[in-house]
Amino acid sequence: MADTDMEQLLEEGGFLAISGRRAEGAPQDSRDEIVEQTDEIAEYPLLPLRDTVIFPHMVTPLFVGRDRSLKAVEAAMTTEGTIVVVAQKDAEVQEPGPDDIYTIGTEMSIARMWHLPDGTTNIWGQGRRRVEILNFMQVDPYIKVRVRNIIEPSEKNLSTQALMRAVLALFEKCVQLDRNLPEDAYVIAMNIDEPGWLADLVASSLNIDVEKRQEILEAIQSAARLQQLSILLAQELDVLELEDRIHSQVQQEVDKSQREYFLRQQMKAIQTELGEIDGQFQELNELREKIAGAEMPEEVCLKAEKELGRLSSMPPASPEVSVIRTYLDWLIELPWSKATEDNMDISAAAKVLEDSHYGLAKAKERILEYMAVRKLAADKMRSPILCFVGPPGTGKTSLGKAIAQALGRKFVRVSLGGVRDEAEIRGHRRTYVGAMPGRIIQTMRRAETINPLFMLDEIDKVGIDFRGDPSAALLEVLDPEQNHAFSDHYLDVSYDLSKVMFVTTANILDPVPPALRDRMEVIEFPGYIEEEKLEIARRFLVPRQLAENGLDETKLRFSDGALRQIIREYTYEAGVRNLEREIANICRKVARRVADGKQAPRRITAQSLVKYLGPPQFTYGLAEKEDEIGVAMGIAWTEAGGDIMPVEVTLMEGKGSLMLTGQLGEVMQESGQAALSYARSHAEELGIKERNFDKLDIHIHVPEGAIPKDGPSAGITMATALVSALARRPVRHDVGMTGEITLRGRVLPIGGFKEKVLAAHRAGLKTVILPKRNKKDMVEIPNKVKRDMEFVFVERMDEVLAVALLPESKPPPKGRRASH
């Protein structure tokens, strides 16, 4: 075949003899004629194809570069020029084997072969018919297979004709929209009478992946082939129509912008001829009027007028124009004197606070005191700076909103979690590209008044890095002596924050720098006890979740037993966030049944909780069910409020070493060493007999080893467990304890008193041993907890052991080793 003929075939879509007639200029070789459909078996070389599928009647060039493929082509050319081409399953496989090749391929007739200068070979061939690989005769030096010709039944009925018309209609639209498809492809498709040939032609023309091409090749029935093809054409048409629509929209926008540009230029020329005021002059007048009406302080007003003068002298195309205009917009839109009137009705404010939150008496009392003093001496009073500290879910942020509502002020909030750049607080100087004020000024602009309630959330999670310390910038914001003239780098003028009521929140105070902590009045939010959680669920959580899920009390009610069991067995927290989440979970399940028209329960009881929430997640009651030797129950403070912490001690023969495990910090490890020293020095008094400590290894372990633990308050717990193991005296399982121990056996006070007591109450402990110097903190403990528990206050370690330890137990039988 001549080169000009090959180029012509490529330009015409790469198909030969597709209508049953030989194309002009095609070689008069018997292999190009229509192949007779016979179910014969033959052996041919195999050419694996990457990223392409050859269909019958398709004429195409192929580039061959792999050694085995070159040898297969050469073997085919030495015989009758027939080769089997099959697609690879994975194009990345360099040397495909039998498992890497599809079983259905095409018998192809090679018309011509060229050797190119880069070492590859180009062959020109035409697909003849579908074949199925029966088995592989050889793999080296090239792949040779035994194949069976697949007979394609000729189906011509009304259904097939309808499918052919549908495919032709979709293909015509695709050709019109896709620039990569030649128009001749549709003309050729129109001249095809055979449904199978039509499907093969259209499939080879579309830009689809190999897997979908192979599916069409493996579809023997022409009707099924056309059906698959119509689905692919419809999907391709949707994509092409979307691309065409996007292109049209982009073109319209470009044309519109060009049209507006020319109209503006014409309007400017007309205004110049008529002597009318141009837009820039009018904009400057509007800015001047806004500055006059913003009621700025004199210093700020002079700064704004100076910048406005600079703006008026600049050409409109100057890049500095947008910088100055943005700066003036910030000065104009900031509240300089506009304030909301405070609500001075103390009774009404108290009712608002009580209706929105249950408990939290200390925080509510502080707000009402502020209102009372402001009512009596408004001119002399400074706005308080409060810091709500407590575990997650105890109502710190929501109480801030309630305070704003009670005072009649606007509520704005800034989350400081993850802030590491000082510029986040003070802003960037205007010399930087894209400079903006800091979060304080941005939020004041959003508040639109100079006396909002400003909440700085998560102040304990402020970071620090090379860009500065944001907590240092907050010193000026939260200091009543300085915040009347707060300096933002972007504004470059003083801004008065003295009328703002700042409320900050934190889970723990330890990360807050001492200087910043000194500027705030700390109000602690302890965890809720069970009765408080029950009341909160009744008053707030259940009604809110019923409303949010489209239910009401006539459709669903929660029994007190159900709420109490959710609190005990499905949540373990100081706050009520997870409690609300579990209530919402039940409401959603009921709402779904109501929406589906199914019978829904009207009352949630304790017995039905397993159906909605699954099995209980926590065990209510004592962690230890019986008295044991070497196990004492400590109480720890955590960010979530508090938790019980068992301490285990076991004794082994060894060399007198002490092992402490459970991710214990240095302070806690020192407490263990102090406890051991106390036990050794008072061995005789404690009834520890016949113990050679030099040949005894002691292992102290605190379970939940994945959680880091530290602090001195586990000292008496470690000492109790040690003495229990050494003296073989069991520890009462219903007793919890906390306190620091000294070498002389004195018990020192601890922190987190209320959180630890509430944790012991949640865990079901009946007796709690506490340092005597913490007795003053009992005023913070709810009366319900005082009634349910016995509190033993001690000064010395022997008092602890007298309460916690039982008499000596009997030794284990001989031959069995004691396990502590």
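# A guided tour, starting at E521

Select E521: at a relative accessible area of 31%, E521 is partly exposed. The model is predicted.

**Stop 1: from E521 to R366.** Show the side chains of E521 and R366. They meet in a salt bridge, 2.7 Å from N to O. The two residues belong to distant parts of the chain, 155 residues apart: E521 sits in strand β13, R366 in helix α12 (residues 361-376). R366 has a relative accessible area of 18%, so R366 counts as buried, the cut-off for buried being under 20%.

**Stop 2: a charged network.** Select E354, K364, E535, R538, R539 and D560 together. Salt bridges link these residues in a network. Across the structure there are 42 salt bridges.

**Stop 3: R129 and E107.** Go to strand β5 (residues 121-138) for R129, then to strand β4 (residues 104-115) for E107; the two are 22 residues apart. Their side chains form a salt bridge at 3.1 Å, N to O. Buried or exposed? Check R129 and E107. R129 is buried at 7% relative accessible area. E107 is buried as well, at 0%.

**Stop 4: K776 and D777.** Here a salt bridge joins K776 to D777, with 3.6 Å between the closest N and O atoms. K776 is exposed, at 58% relative accessible area. D777 is buried, at 16%.

**Stop 5: an aromatic pair.** The structure has 5 aromatic pairs. Select F388 and F525, which form one that is tilted: the centres are 4.8 Å apart and the planes are at 40 degrees. F388 lies in strand β7 (residues 385-389), while F525 lies in the loop between β13 (521-524) and α18 (530-548); the pair spans 137 residues and links distant parts of the chain. F388 is buried, with a relative accessible area of 0%. F525 is buried at 1%.

**Stop 6: T449 and W336.** Find T449 in the loop between α15 (439-447) and β9 (453-457). T449 is buried, its relative accessible area being 1%. Now draw the C-alpha to C-alpha distance from T449 to W336: 7.7 Å in space, with their positions 113 residues apart in sequence.

**Stop 7: helix α24.** Select residues 753-763. How many of the 11 residues of helix α24 are buried? The count is 11 of the 11, so the helix is largely enclosed by the rest of the structure. Charged side chains are on the buried list, including K754, E755, K756 and R762. Step on to G764, just after α24: its phi is positive, about 85 degrees.

**Stop 8: surface patches.** Switch to a surface view.

- Negative: E684, E685, E795, D798 and E799 form this patch. D798 is in helix α26 (residues 797-804) and is partly exposed at 43% relative accessibility.
- Positive: R744, R746, R773 and R796 gather here. R773 is in the loop between β23 (767-771) and α25 (783-788). R773 is exposed, at 56% relative accessibility.
- Nonpolar: L242, I246, V250 and V254 make a patch of about 320 Å². V254 is in helix α7 (residues 222-274) and is partly exposed at 36%. An α-helix has 3.6 residues a turn, so residues three or four places apart point the same way.

Note on methods. Residues are numbered from 1 along each chain as its sequence is written. This is a predicted model: local features need pLDDT of at least 70, side-chain atom pairs count only at pLDDT 80 or more; totals for chains, interfaces and linings use all residues. Side-chain values use heavy atoms; hydrogens and water are left out. Patches are made of residues with over 30% relative accessible area and no salt bridge: like charges are joined within 9 Å, nonpolar side chains (Val, Leu, Ile, Met, Phe, Trp, Tyr) within 5 Å. Accessible areas come from the Shrake-Rupley method with a 1.4 Å probe; for residues, only the protein chains shown count as cover. A salt bridge is a side-chain nitrogen of Lys or Arg within 4 Å of a carboxyl oxygen of Asp or Glu. Lys and Arg count as positive and Asp and Glu as negative; His and the chain ends are not counted. The place of a charge is taken as NZ of Lys, CZ of Arg, CG of Asp or CD of Glu. Helices (H or I, at least four residues) and strands (E, at least two) are DSSP runs, numbered from the N terminus. Buried means under 20% relative accessible area, exposed over 50%, partly exposed in between (1.4 Å probe, protein chains only). Rings of Phe, Tyr and Trp (its six-membered ring) pair if their centres lie within 6.5 Å; planes under 30 degrees apart count as stacked, over 60 as edge-to-face and the rest as tilted.
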